[in-house]
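Please consider the structure shown here, which is to be read with its sequence alongside. The paragraphs below it serve as a guided path for a reader new to it.

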Amino acid sequence: VQLVESGGGLVQPGGSLRLSCLVSGATSAIYSMAWYHQPPGRERKLVARVYSSGSTNYADSRKGRFTISGDFVKNTTYLQMNNLEPEDTAVYFCHTELQKGRLTVDYWGQGTQVTVSS
């Protein structure tokens, strides 16, 4: 299973970016797809998750500015990030849970850098 992120880069405060993540090689159903971020020197934390049921959850601090979506036919997730702030600077990682019977198995992408700076 491979997760390939794209869409990161340098953006000015107040700008927008759209991250994409393609999950390939999955041999079982995808239960959820998510985005985590890891600012410099800090731990990785959840930004948002979308489930195959269509439900979503967000870290409170970014709800309203970030929107996650998922296409479970194309096995792709997107993170639309608006009104970006310097505090959003981080490596953003794609994550997926594949259904394996009653369990799920986690997979991670390599990450894409987002830098918010003037």
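What follows is an account of one sheet and of two residues.

The model is a predicted one. A suitable place to begin is an open sheet of four strands, whose order is β1-β3-β8-β7 and whose pairing is antiparallel. Strands β1 (2-6) and β7 (66-71) stand at the edges of this sheet, and each has a single partner strand, so one side of each is left without a neighbour in the sheet. On average, and with direction ignored, neighbouring strands of this sheet are turned by 15° against each other. In general, the strands of a sheet pair through backbone hydrogen bonds, in either a parallel or an antiparallel manner.

The pairings may now be taken in turn. Strands β1 and β3 run antiparallel and are joined by five bridges. Within this part of the sheet, glutamate 5 stands opposite cysteine 21 in β3. Strand β3 (residues 17-24) is also joined to strand β8 (residues 76-81), by six bridges, and these two strands again run antiparallel. Leucine 17 stands opposite methionine 81 in β8, while the bridge partner of arginine 18 in β8 is glutamine 80.

Attention may next turn to a residue in a loop. Arginine 65 lies in the loop between β6 (56-58) and β7. Is arginine 65 buried or exposed? Its relative accessibility is 13%, and because buried means under 20%, arginine 65 counts as buried. A polar atom of its side chain lies 3.0 Å from the backbone oxygen of asparagine 83. Residues up to four places away in sequence not being counted, arginine 65 touches Gln80, Met81, Asn82, Asn83, Leu84, Glu85 and Asp88.

The other residue to be examined is tyrosine 92, which is placed in strand β9 (residues 90-100). With a relative accessibility of 0%, tyrosine 92 counts as buried. Which residues does tyrosine 92 contact, leaving aside its neighbours within four places in sequence? Among them are Glu5, Leu19 and Met81, together with Trp35, Tyr36, His37, Val47, Phe66, Leu79, Gly111, Thr112 and Val114. The side chain of tyrosine 92 also reaches the backbone oxygen of aspartate 88, at 2.6 Å. Finally, tyrosine 92 and leucine 46 are 46 residues apart in sequence, and their C-alpha atoms are 9.7 Å apart in space.

Methionine 81 links these descriptions: it stands opposite leucine 17, is touched by arginine 65, and is in contact with tyrosine 92.

Conventions. Residues numbered from 1 in each chain as written. Predicted model: local features only at pLDDT ≥ 70, side-chain atom pairs only at ≥ 80, totals over all residues. Heavy atoms only, no water. Buried < 20%, exposed > 50% of the residue type's maximum accessible area, 1.4 Å probe, protein only. Contact = heavy atoms within 4.5 Å. Polar contact = N/O pair within 3.5 Å; in protein donor to acceptor, adjacent residues only side chain to side chain. Pairing = 2+ DSSP bridges. Axes fitted to C-alpha atoms, helices over the stretch in contact; angles between N-to-C directions.
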